[in-house]
Amino acid sequence: MDETATARTAMQPGGTSWDLRAEPGRTIGLLGTAGGGLTRLGLSLLVDLSRRAPVAVVDVRGWISPIAAFEVGIYPEHLVFVRSRERLQWPQVVAALLEGLQAVYAEVPVGIPDAHLRRLAALARSRGGALLLRPLDGRLPSGVSHLSLQSEEVKWNGADAGHGCLRRRHLQMRAWGKGMGGIERLIEVEEDGENPLRVVAGMVAPTAGRATG
Amino acid sequence: MCPGAVVLERDLGFETTDFEQVVVAIENLVPKVEVVEPGLVFVPIQGALRYYGGERPLVERMFDRLTEWPGGRLGVAHGPFAARRAAALATEAPVCVDDDVAFLAGLTVDVLPDDDLVATFRWLGIGTLGELSQLPREALASRFGEPGLVVHRLASGEDRMVAPRGVPEDISVEQFYEEPLQLLDQAGFAARALAGRLIVALDEYGAAPYRVEVSVWAADGTKRVRVWRSADPFTEHGLAERVWWQLRAWIETAGVSGGIVRLRLQPADLSDAGRQLSLEEDTVTRLEAVRALHRAQALVGPDAVLQAQAQGGRRPSEQVGWFRWGEEASIPQRNPKAPWPGRVPSPTPVLVPPDPQSIEVEWDGGIPARVRLRSRWETVTTWAGPWSLVGRWWEGEETVERYQIVTSATALLCEVRDGIAFVVGIYD
């Protein structure tokens with residue numbers, strides 16, 4: 001069993017299996033401001049699905065780097081970027097992609113009505129596609145995500161007062177929703193840009209009571 | 001060394017347009033020529049022999065026309081592979097082959113299209129196509145699979161394609177356009193959409209075309225037809241590309257006055273080889289994905305549905321080569337395998353703004369102390385750099401200092417030029 005699998009097994013609470021990966025028919029919300037570390041995490045969640053068929057990244061600003069996506073392990077020939085800046089067109093574009101692709105990572109422009117997001121999550125459920133939403137304003141309405149991940153802290157190793165360079169990061173996130181079995185948890189993942197994402201800790205969050213959905 | 005040298009990419013669309021006049025000249029003698037690529041056409045002459053009174057008068061006439069363009073070569077044989085090899089030898093005058101098998105038997109195996117197989121044959125002591133054709137076909141198929149079978153057929157002069165099973169003969173796809181297509185971009189989009197529909201339609205029968213007839217109707221009522229052929233069954237990308245080249249050639253040579261009002265693709269010479277799916281890939285998934293991406297392309301336009309390939313460069317923004325989904329990737333402008341000293345080490349920033357974004361940085365004795373993120377100032381917890389990047393000074397590029405700056409909220413890749421800091425990457 002590899003290191004990742006060991007970590008994942010260790011995270012199974014009370015025999016209930018849950019895992020940090022995109023699943024068919026599920027929507028994952030990646031919440032928090034830019035720089036919090038969730039874009040790279042979101043791309044990492046597409047890796048397994050990209051082995052079988054194309055996956056799409058809906059890039060609102062044209063900022064997402066395909067090189068970073070290749071680094072995390074997405075198959076280059078199966079990665080398609082769709083640039084959709086128009087707020088009115090964005091829901092149609094994501095819906096069109098969900099009709100045929102097994103996984104879509106979509107940045108959400110500011111001002112998309114909640115009803116559209118709920119319809120897209122319902123479409124992902126009915127079509128069996130995985131949908132990862134990364135809202136640019138950092139928030140999603142309740143009831144959209146099967147699993148919500150919110151960046152709490154990101155620590156970088158490797159750079160030290162001018163020496164070295166960024167090598168490895170530890171990202172601490174708060175996770176909640178049905179995908180967590182209704183329990184809010186703090187998850188820490190470690191990544192060095194070359195090896196697969198590694199979950200290093202998963203513990204019940206000290207504060208409970210956040211709405212699931 | 002020549003720092004001012006500019007490497008131009010091969011533009012097959014432009015070459016097709018340039019080659020169109022040659023194709024038209026040949027077409028005026030014998031209809032239904034089959035274009036393989038710019039510079040190479042096959043002309044089925046069986047039906048024209050009687051009209052011209054035999055092979056010799058026709059070949060002489062065709063060669064006369066070809067002399068208008070330097071370097072034109074003409075080979076005549078029963079099969080396309082032998083005809084192509086004959087043309088390769090026809091440096092001074094046309095080469096006519098009476099017996100394909102005897103002609104091919106004397107050629108070396110180097111003329112075969114599969115370099116790996118050629119190397120293996122050489123290693124096994126098989127030097128000519130004659131020696132290859134003497135081997136039992138079953139043995140080659142057993143040892144080398146489908147490629148072995150194909151080269152044995154070529155060596156034996158049996159490269160005529162036939163439709164192996166009951167695919168409906170009337171299978172074709174066409175599209176009418178209320179607004180005539182006059183712009184190259186419109187034609188390119190139409191070509192991709194229709195090529196995709198044809199391949200999907202044929203996929204249902206497990207077939208793929210070796211030859212496709214492209215027909216267009218112009219707004220003034222004229223109809224143009226051209227046949228394209230391929231040694232391997234057309235893929236969707238390959239077919240879309242060739243249809244696009246042809247439409248571009250017609251539009252740029254004023255061959256469709258008033259624009260295109262109707263476009264039709266009709267396959268011929270179908271193969272049951274189809275396309276080999278990769279491991280774990282299933283047909284339904286792939287077809288649904290193609291349809292979904294076509295729909296997205298219709299919504300946002302072909303320039304907004306993209307794929308990427310890695311290429312060389314020192315800045316993160318330089319290391320990406322974009323190409324439209326559905327088109328072949330071009331050759332990288334900068335070699336990705338070259339060392340590129342000074343490039344930013346992995347991990348690459350995941351967010352790379354197309355244009356550097358200015359950022360306020362507070363310096364303390366040359367050390368970054370605080371950065372302004374939106375409305376608030378963040379203390380720099382650690383940093384790496386400065387790393388100098390010396391650009392092409394002979395073209396006026398400035399030297400920049402690069403820093404990786406880490407705060408409690410984020411990590412940034414910054415460039416400092418003339419004392420002004422810019423964000424060129426965000427480690428999100």
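**View 1. R374(B) sits in the loop between β13 (367-373) and β14 of chain B.** Helices and strands here are DSSP runs (H or I, at least four residues, for helices; E, at least two, for strands), numbered from the N terminus. This is a predicted model, in which local features need pLDDT of at least 70, side-chain atom pairs count only at pLDDT 80 or more, and totals for chains, interfaces and linings use all residues. Residues are numbered from 1 along each chain as its sequence is written, while chains are lettered from A and ligands numbered from 1 in the order in which they are written. Phi of R374(B) is positive, near 55°, and the residue is not a glycine. Most residues other than glycine have a negative phi, and most peptide bonds are trans. Is R374(B) buried or exposed? R374(B) counts as exposed because 7 C-beta neighbours lie inside 10 Å. For these labels, a residue is buried if 20 or more other C-beta atoms lie within 10 Å of its own, exposed if 12 or fewer, and partly exposed in between, with C-beta atoms placed from the backbone.

**View 2. The loop between β10 (320-324) and β11 of chain B holds G342(B).** W340(B) has its place in the loop between β10 and β11 too, and so does P347(B). W340(B) isn't a glycine, yet its phi is positive at about 50°. It has 16 other C-beta atoms within 10 Å, so W340(B) is partly exposed. G342(B) has 12 such atoms within 10 Å, so it is exposed. Which residues does G342(B) touch, leaving out residues up to four places away in sequence? They are R314(B), W387(B) and L389(B); contact means that the C-beta atoms of two residues, placed from the backbone, lie within 7 Å. G342(B) and L389(B) are 47 residues apart along the chain, and their C-alpha atoms are separated by 6.7 Å. As for P347(B), a cis peptide bond joins it to S346(B), with omega about 5°.

**View 3. Seven strands of chain B make an open sheet with antiparallel pairing.** The order is β11-β17-β16-β15-β14-β13-β12. Strands count as paired if DSSP finds at least two bridges between them. Look for β11 (357-359) and β12 (361-364) at the edges, where each pairs on one side only. From one strand to the next, the twist averages 40°. Angles run from 0 to 180 degrees between N-to-C directions, and axes are lines fitted to C-alpha atoms, for helices over the stretch in contact.

**View 4. Zoom in on β15(B), a mostly covered strand with seven of its eight residues buried.** On one side, β15(B) pairs with β14(B) in the antiparallel sense over seven bridges. T382(B) has V406(B) as its bridge partner in β15(B), and L389(B) has V400(B). P386(B) lies in strand β14 of chain B, and the peptide bond leading to it from G385(B) is cis, with omega near 5°. β15(B) also pairs with β16(B) (residues 411-417), again in the antiparallel sense, over six bridges. Here E401(B) stands opposite V416(B). How many residues lie between the two strands of this hairpin, β15(B) and β16(B)? There are three.

**View 5. Chain B meets chain A through 46 residues of B and 47 of A.** On the chain B side, the elements giving two or more residues are α12 (283-300), β9 (305-310), β14 (376-389) and β15 (400-407). α12(B) gives the most, with 11 residues. By class, this side of chain B has 29 nonpolar, 10 polar and seven charged residues. Nonpolar means Ala, Val, Leu, Ile, Met, Phe, Trp, Tyr, Cys and Pro; charged means Asp, Glu, Lys and Arg; the others, Gly among them, are polar. β3 (residues 79-83) of chain A pairs with β9(B) in the antiparallel sense over two bridges, with V305(B) as the bridge partner of V82(A).

**View 6. Helices α5 (residues 90-100) and α6 (residues 114-127) of chain A pack at an angle of about 5°.** Their axes are 10 Å apart. α5(A) and α6(A) are therefore roughly parallel to each other, a label for angles under 35 degrees, with over 145 being roughly antiparallel, 65 to 115 roughly perpendicular and the rest oblique.
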